[in-house]
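Okay, thanks everyone. I'd like to walk you through the sheets in this one, so let me put it up on the screen.

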Amino acid sequence: MEFNLEKMLRPHLKSALVYTNTRPTESSDGLIYLDSNESPVGKYNRYPDGEQKALKGKLAAINGVSADRLFMGNGSDELIDLLMRIFCEPGSDTIMCLDPSFSMYEVYADFNNLKIEKLRLNGSFQLDKEVFDQCVSETSAKILFICSPNNPTGNSIEDLAYFISKFEGLVVIDEAYIEFSPNDSATKLLVQFPNLVVLKTLSKAHGMAGLRLGVGFASPEIARLITRLKPPYNISSESQRIAAEELDDGMKFNKNVGLILSEKAKLVDALEQIRAVKKVYASHANFLLVEFADADEVYRILIKNQILTSLRHPGIPNCIRITVGNPEENLKLISILTKI
């Protein structure tokens, strides 16, 4: 289907006044900064690079895409909100998302006064093509959010190219957990689909949740548009500096992801031996969706023992989402569950 970015954009934004930073982002030794009313003293006295050029360069190389396809946010949450605010008209436009899926799509749709249409997943937590085709034929939704691997179910959504090709608006593939999956990233589809946006985060596999860094990948036209309309200094200097240093340590990243995947496998084996557990769903993420005989009771017992999990019941009957912890945390979890 033909995608028209110009038609997608909210009309008043086509000529909107945006903040323009005239300061060079490249090295500029000797330049005197009297343009932005910053303090002349202090460790953090200068505004950060609003285009995050150095960090984008590293992320582009890691992900095998050109840097002009990237845009960045203060966590993926900011990017989800920005996509809705840039492309959807409050009070009249609609977004679509999977059901069940990441709750923040609904949260930001509500904040932006957008209608929400949900695509109910089947018993295997997949999106039936017949159901999708029917829903798409009846909708005028402007953005479709597909979380894959999906949160909270943990599985990857199959045949993403099919759903992207059938949707007239923007398709956002949220890959917060892709580094734990054996599947390829949807960034490989960017050249094929101009309506595709892929979101990633440094909060999960990269272990930088405290820095709040979300990364978007799209066509250069979409990436430029979002970079132009985002808050001018949304990523702090320290977040950019620390993230760039961490990304240089590929060995540490591989070791940490390997540890999490190893612990997940051990956790699955142990959970499947526990009487209170009815089912452990296959997961391509750093968490497990686990069905218990009585999820409410298990959840209460875990809290009583100072273990926080995510109760998904009644949305997903008798299920709890459990993040893979470190070896000691996982052993304590299994120890408590074994006594139930």
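**The two sheets**

So, one open sheet here has 7 strands in the order 1-7-6-5-4-2-3, and its pairing is mixed. Strands here are DSSP runs of E, at least two residues, and helices are runs of H or I, at least four residues, numbered from the N terminus. Two strands pair if DSSP finds at least two bridges between them. At the edges stand strand 1 and strand 3 (115–120), each with a single partner strand, so one side of each has no neighbour in the sheet. On average, neighbouring strands of this sheet are turned by 25 degrees against each other, ignoring direction.

Before I go on, the fine print. This is a predicted model, where local features need pLDDT of at least 70 and side-chain atom pairs count only at pLDDT 80 or more, while totals for chains, interfaces and linings use all residues. Residues are numbered from 1 along each chain as its sequence is written, and side-chain values use heavy atoms, leaving out hydrogens and water.

Now, look at strand 7 (residues 214–217). Which way do its residues point? G214 and G216 go one way, V215 and F217 the other, and all are buried, meaning under 20% relative accessible area with a 1.4 Å probe, protein chains only. In general, side chains of a regular strand alternate between the two faces of the sheet.

On one side, strand 7 pairs antiparallel with strand 1 (residues 70–73) over 4 bridges, and G216 is the bridge partner of F71. Strand 6 (residues 196–201) is also antiparallel to strand 7, joined by 4 bridges, with K200 opposite V215.

Helix 7 (residues 220–229) lies across strand 1, strand 5 (170–174) and strand 6, at about 30 degrees to strand 1. Axes are lines fitted to C-alpha atoms, for helices over the stretch in contact, and angles run from 0 to 180 degrees between N-to-C directions; contact means heavy atoms within 4.5 Å.

Then there's the open sheet of 4 strands, 8-9-11-10, with antiparallel pairing. Strand 8 (277–280) and strand 10 (310–311) are at its edges. Helix 9 (residues 250–271) packs on this sheet, touching strand 8 and strand 9 (287–292), and its direction makes about 5 degrees with that of strand 9.

Conventions
Buried means under 20% relative accessible area, exposed over 50%, partly exposed in between (1.4 Å probe, protein chains only).
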